[in-house]
Amino acid sequence: MMKCQKYYIQVLGCQMNESDAERVAAVLENLGYQKTQKEADADLVLVMACSVRQKAIDRIFGKARKWNKLKKKRKLITVLSGCVLPADKPKMAKIFDFIFEMKDLKKLGRYLTKKDFNISDYLSVLPKYESSFKAYVPISTGCNNFCTYCAVPLTTGREKSRPEKEILSEVKSLIKKGYKEITLLGQNVNSYGKDFKEKNINFSNLLKKINDISGKFWIRFLTSNPQDMSSKLIETIKEGEKICEYIHLPVQAGNNEVLKRMNRKYTREHYLKLISKIKKEIPGVAITTDTIVGFPGETKKQFQDTLDIYNKVSYDMAFIAQYSPRPGTVAAKMKDDVLPEEKKQREKDLNKILKKTALKNNQKYKGKILEILVDKERKGFLQGRTRTFKLVQFKGPKDLLGKFVRVKITLVNPWAVEGKLLKEKVSV
């Protein structure tokens with residue numbers, strides 16, 4: 001294989017896909033491919049799909065026309081992985097030259113080399129990290145919850161925890177290389193270790209062990225399920241000096257009947273009690289969420305309960321999606337009876353509350369000095385995140401990228417804050 005061949009990866013969807021793409025990149029570069037930022041220059045285009053929403057799949061169909069035109073002019077290999085529903089595979093097979101599941105990453109090597117390419121576990125592949133100071137570290141794959149709207153169990157299978165020793169080894173290696181932010185990933189990080197026989201292996205203990213690793217770095221994690229968030233975990237977050245005061249806790253809906261149809265195994269009462277405990281135990285914590293509007297059978301009266309949740313919790317940010325049926329899921333068999341215009345209005349109603357609560361939450365930062373991890377430069381400004389995942393913009397030299405700095409906040413809005421860099425020695 002000629003080393004001049006180039007690859008381009010298009011990531012659709014979640015952070016898990018981004019992390020998986022880094023492992024795919026490692027395999028491709030081991031085979032002699034070089035990464036390109038321009039799709040038009042690529043000899044191989046690989047898409048990490050997301051089947052959670054139809055819009056992500058529709059983007060692939062739009063891209064296919066472009067690839068077909070390129071294939072008429074030159075040789076181009078198109079490959080698909082990520083989250084792909086069984087019902088979508090026949091259609092995708094007409095677009096892509098090769099489709100593989102991430103757990104079968106070795107098949108990609110065999111397809112490209114026509115030789116035996118052995119990988120026992122794809123998570124054991126050392127990633128080609130996109131960043132030199134921030135890293136995603138998967139701690140589990142799959143999901144056992146089977147929410148009726150969700151495609152994940154259909155595409156990635158049952159939940160499987162990654163060996164603790166392997167996770168700790170990867171994190172230690174990253175910290176040794178100077179990484180400043182570690183984000184642990186799983187469809188439900190809270191249930192980590194439940195498939196192991198050892199009782200002392202759980203998410204809380206894993207966080208403690210990572211927190212005990214020497215060095216200056218932050219720990220984040222995604223995603224938590226309300227049904228499995230324990231008091232022990234909340235205490236661990238509170239006491240862990242490196243664990244950020246930021247929790248993404250999807251509510252999905254605020255009405256118990258809707259939650260039951262979604263097969264979400266908690267009630268609104270449980271969720272609100274959990275939020276109250278988190279805020280009490282972790283001062284200054286930022287809480288974000290996911291919400292689906294217009295789920296089959298959701299009445300206007302039931303939706304009022306979701307509005308009530310938003311008012312009570314005062315979220316810092318939310319990812320709101322209009323329900324769209326995914327083939328093969330239980331919800332796809334339900335009547336999609338909420339009109340599109342009604343879904344759109346409900347999304348607007350939630351965003352209206354979110355804008356108010358996010359602004360109110362950000363106003364407490366005005367005049368405060370915050371520690372920021374600088375992660376990008378954009379239009380003459382530096383940008384970074386606080387421990388609570390607030391986006392901060394300020395003026396400063398580019399050589400601060402990847403470093404911790406202190407910024408005094410001067411201006412706030414609902415989605416970001418601005419500040420002034422303090423002229424002092426930064427943490428490297």
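1. Let me start with Thr36, which is buried in this predicted model, with a relative accessible area of 9%. Thr36 sits in the loop between strand 2 (34–35) and strand 3 (44–49). Leaving aside neighbours within four places in sequence, Thr36 is in contact with Lys6, Tyr7, Tyr8, Asp41 and Ala42. If you would like a distance to check on screen, the C-alpha atoms of Thr36 and Phe394 are separated by 30 Å, and these two residues are 358 residues apart along the chain.

2. Gln10 is another spot to look at. Gln10 belongs to strand 1 (residues 6–11), and its relative accessible area of 14% makes it buried, because the cut-off for buried is under 20%. Which residues does Gln10 touch, leaving aside its neighbours within four places in sequence? They are Leu46, Val47, Met48, Arg59 and Lys63.

3. Asp88 is a charged residue by class, yet at 2% relative accessibility it counts as buried. You will find Asp88 in the loop between strand 4 (77–82) and helix 3 (89–93). Not counting residues up to four places away in sequence, Asp88 touches Ser51, Ile57 and Arg326.

4. On to Leu259, in helix 9 (residues 256–262). Leu259 counts as buried, at 1% relative accessibility. Its contacts, once neighbours within four places in sequence are left aside, are Val251, Ala253, Arg264, Tyr266, Thr267 and Arg268. From the C-alpha atom of Leu259 to that of Asp337 the separation is 17 Å, with the two positions 78 residues apart along the chain counted as their spacing.

5. A word on the cysteines, which may interest you at the bench. How many disulfides does the structure hold? The number is zero. Cys143 is in no disulfide, and the nearest cysteine sulfur, that of Cys147, is 6.3 Å away. A disulfide calls for sulfur atoms within 2.5 Å, so this pair does not count as one. Cys143 is buried, with a relative accessible area of 9%. Cys147 is likewise in no disulfide; for Cys147 the nearest cysteine sulfur belongs to Cys150, 6.0 Å away. Cys147 also counts as buried, at 11% relative accessibility.

6. Now for helix packing. Two packed helices are described by the angle between their axes and the distance between the axes. Helix 11 (residues 300–313) and helix 12 (residues 340–363) pack at an angle of about 15°, and their axes are 10 Å apart. That angle makes helix 11 roughly parallel to helix 12, because angles under 35 degrees count as roughly parallel. The crossing of helix 11 and helix 12 is right-handed.

7. Which residues of helix 11 and helix 12 meet? On the helix 11 side they are Lys300, Phe303, Thr306, Leu307, Tyr310 and Asn311, and on the helix 12 side Glu342, Arg346, Asp349, Leu350, Ile353 and Thr357. Sorted by class, the residues of this contact are five nonpolar, three polar and four charged.

8. Helix 6 (residues 164–176) and helix 7 (residues 203–211) give a second case: their axes come within 11 Å and cross at roughly 30°. Helix 6 and helix 7 are therefore roughly parallel to each other, and their crossing is right-handed. Glu164, Ile167, Leu168 and Val171 in helix 6 meet Leu206, Lys209 and Ile210 in helix 7. By class, the contact of helix 6 with helix 7 has five nonpolar, no polar and two charged residues.

9. Some backbone details deserve a glance too. A cis peptide bond joins Leu222 and Thr223, with omega about -5°. Thr223 lies in the loop between strand 10 (218–222) and helix 8 (231–239).

10. Finally, please look at phi for Ser314 and Phe389. Ser314 has a phi near 60°, a positive value in a residue other than glycine. Ser314 is placed in the loop between helix 11 and strand 13 (317–322), and at 22% relative accessibility it counts as partly exposed. For Phe389, phi is near 65°, also a positive value in a residue other than glycine. Phe389 lies in the loop between strand 15 (381–385) and strand 16 (391–394). Is Phe389 buried or partly exposed? At 31% relative accessibility, Phe389 counts as partly exposed.

Terms used:
Residues numbered from 1 in each chain as written. Predicted model: local features only at pLDDT ≥ 70, side-chain atom pairs only at ≥ 80, totals over all residues. Heavy atoms only, no water. Axes fitted to C-alpha atoms, helices over the stretch in contact; angles between N-to-C directions. Helix = DSSP H or I, 4+ residues; strand = E, 2+ residues; numbered from the N terminus. Parallel < 35°, antiparallel > 145°, perpendicular 65-115°, else oblique. Left-handed = near helix turned anticlockwise from the far one by under 90°. Contact = heavy atoms within 4.5 Å. Buried < 20%, exposed > 50% of the residue type's maximum accessible area, 1.4 Å probe, protein only.
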